[in-house]
Amino acid sequence: MVITIRNICIPEDYEGTAVLLSTFYSEPITVQRMREEDAAIPQKGELTRDENGRLTGHDRQRLVAVNESGKIIGYGCSWRAPWTAPGTLYQKVLVDPAERKNGIGREIYAKLAAYADENGASKIVGEVRDNDRDSQAYASGRGFVRDRHQFESLIELDGQAAETDGGSADTPKGITLTTLAQVRGEEMEKRVYELYRKTHPDIPGSEGEFMWYSQWRKENLERESFDPSLFLLALDGDKPVGAAELYEMKQTNSVYNLYTCVDGDYRGKGIALALKRKSISLAKERGYGYIRTNNDSQNAPMLAINRKLGYVPVPGYYRMFKILE
């Protein structure tokens, strides 16, 4: 079997790459999603160094492994964003499950390792499925160690009654639940961004800085598939103090709860629980089949809320890292 490993070609390789990526992620990856992500990222990156000589800046290398018939059977990516922790590169190596143990992953990994070495990275971070023992062993054999466990949870909406009051009975006093569609405007969007920026360091395992406002807009509010009516907010007057962002996945008639946060000054009042209940009610009203979400294993408060609402654990991911000498 003749395998060619080359740089990804856009847009020609979108479809084949999306099919392969979908074998790794819990939900299908679409061409539209890949296109939207690429549109929010500068085509040409620039890697730099900070005052301590650590790798900074942004860039990425994307590779595909193609067989004789032109089918993409392997994928590799090494990248960092400007807000990534100094010295760190993120990395992904995927091989079509039917083509594993043919040396494809080894060749892709070697090219990504050379990229990391050439650019002086000091740490590589990646993910493996928590139910994929072969991939865990593969990563461990190359010096990666397990860092964190990213749980995934799912709630089936069949049998879940949509609350006729939208969950208002459980809303803390003085707090209003709404959506970004109902209060949209540049000033509100900036306030929501500040809420995200403020709560980002509270996520267990978070590293680096939070992206700047213009980039946050590109990756969230400006993407073609963004639906502000699925972006739930908890307001104290006109101040956003909590949010629950849902992402529609048409292929599976479901939504993914991308992020839930509450301002630290407002925690312990039941705002997160109210937002989660509202998200279930909204998804049920829209006719979605289920909601999927994820939490770090050390985020006990949010895990407890999800379990209380009926979310059940499903296979998730281990974060792995390797320190380079």
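Strand S10 (residues 239-249) is mostly covered in this predicted model. Nine of its 11 residues are buried. S10 pairs with strand S9 (residues 231-236) through six bridges, and the two run antiparallel. S10 also pairs with strand S11 (residues 254-262), here through eight bridges and again antiparallel.

Gly242 marks a point where both pairings can be followed. Its bridge partner in S9 is Ala234. In S11, Gly242 stands opposite Val262.

Both connections are hairpins. The hairpin of S9 and S10 has two residues between the strands. There, Gly237 takes a positive phi near 70°. The hairpin of S10 and S11 has four residues between the strands. Asn253, in that turn, has a positive phi of about 50°.

**Strand pairings**

The table sets out four pairings, each with one facing pair of residues.

| Strands | Sense | Bridges | Facing residues |
|---|---|---|---|
| S9 (231-236) and S10 (239-249) | antiparallel | six bridges | Ala234 and Gly242 |
| S10 (239-249) and S11 (254-262) | antiparallel | eight bridges | Gly242 and Val262 |
| S4 (72-80) and S5 (88-95) | antiparallel | six bridges | Trp79 and Tyr90 |
| S5 (88-95) and S6 (123-129) | parallel | three bridges | Thr88 and Lys123 |

Strand S5 (residues 88-95) has two partners in the table. Six of its eight residues are buried, so S5 is largely enclosed by the rest of the structure. Strand S4 (residues 72-80) pairs with S5 in the antiparallel sense. In that pairing, Trp79 stands opposite Tyr90. Strand S6 (residues 123-129) runs parallel to S5 and is joined to it by three bridges. Thr88 of S5 faces Lys123 of S6.

**Helix packing**

Helix H1 (residues 14-21) and helix H2 (residues 31-39) have axes that come within 9 Å and cross at roughly 105°. H1 and H2 are therefore roughly perpendicular to each other. H1 contributes Tyr14, Glu15, Thr17, Ala18 and Leu21 to the contact. H2 contributes Val31, Met34, Arg35 and Asp38. By class, the contact of H1 with H2 has five nonpolar, one polar and three charged residues.

Helices H6 (186-199) and H7 (213-221) pack at an angle of about 100°, with their axes 11 Å apart. H6 and H7 are therefore roughly perpendicular to each other. From H6, the residues in the contact are Glu186, Glu189, Lys190, Val192, Tyr193 and Tyr196. From H7 they are Tyr213, Trp216, Arg217 and Leu221. The contact of H6 with H7 divides into six nonpolar, no polar and four charged residues.

H7 has the buried residues Tyr213, Gln215, Trp216, Arg217, Asn220 and Leu221. Their cover includes helix H5 (180-183), H6 and S10. This links the helix back to the mostly covered strand described at the start.

**The loop after H6**

His200 sits in the loop between H6 and H7. Is His200 buried or exposed? It is buried, with a relative accessible area of 16%; the cut-off for buried is under 20%. Leaving aside neighbours within four places in sequence, the contacts of His200 are Ser206, Glu207, Gly208, Glu209, Phe210 and Tyr259.

**Helix H8**

Helix H8 (residues 271-286) has 16 residues. At 1.5 Å a residue, H8 should span 22 Å, and its end C-alpha atoms are 22 Å apart, which agrees. The buried residues of H8 start with Ile271, Ala272, Leu273, Ala274, Leu275 and Lys276. Ser279, Ile280, Ser281, Leu282 and Ala283 are also buried. Just after H8, Gly287 takes a positive phi of about 85°.

**Thr48 in strand S2**

Thr48 lies in strand S2 (residues 46-49). At 34% relative accessibility, Thr48 counts as partly exposed, a class that lies between the 20% and 50% cut-offs. Beyond neighbours within four places in sequence, Thr48 is in contact with Arg54, Leu55, Thr56 and Gly57. How far apart are Thr48 and Glu224 in space? They are 32 Å apart, C-alpha to C-alpha, and 176 residues apart in sequence.

Technical notes. Residues are numbered from 1 along each chain as its sequence is written. This is a predicted model: local features need pLDDT of at least 70, side-chain atom pairs count only at pLDDT 80 or more; totals for chains, interfaces and linings use all residues. Side-chain values use heavy atoms; hydrogens and water are left out. Axes are lines fitted to C-alpha atoms, for helices over the stretch in contact, and angles run from 0 to 180 degrees between N-to-C directions. Angles under 35 degrees count as roughly parallel, over 145 as roughly antiparallel, 65 to 115 as roughly perpendicular and the rest as oblique. Contact means heavy atoms within 4.5 Å. Ala, Val, Leu, Ile, Met, Phe, Trp, Tyr, Cys and Pro count as nonpolar, Asp, Glu, Lys and Arg as charged, and the others, Gly among them, as polar. Buried means under 20% relative accessible area, exposed over 50%, partly exposed in between (1.4 Å probe, protein chains only). The expected span of a helix is 1.5 Å times one less than its number of residues. Two strands pair if DSSP finds at least two bridges between them.
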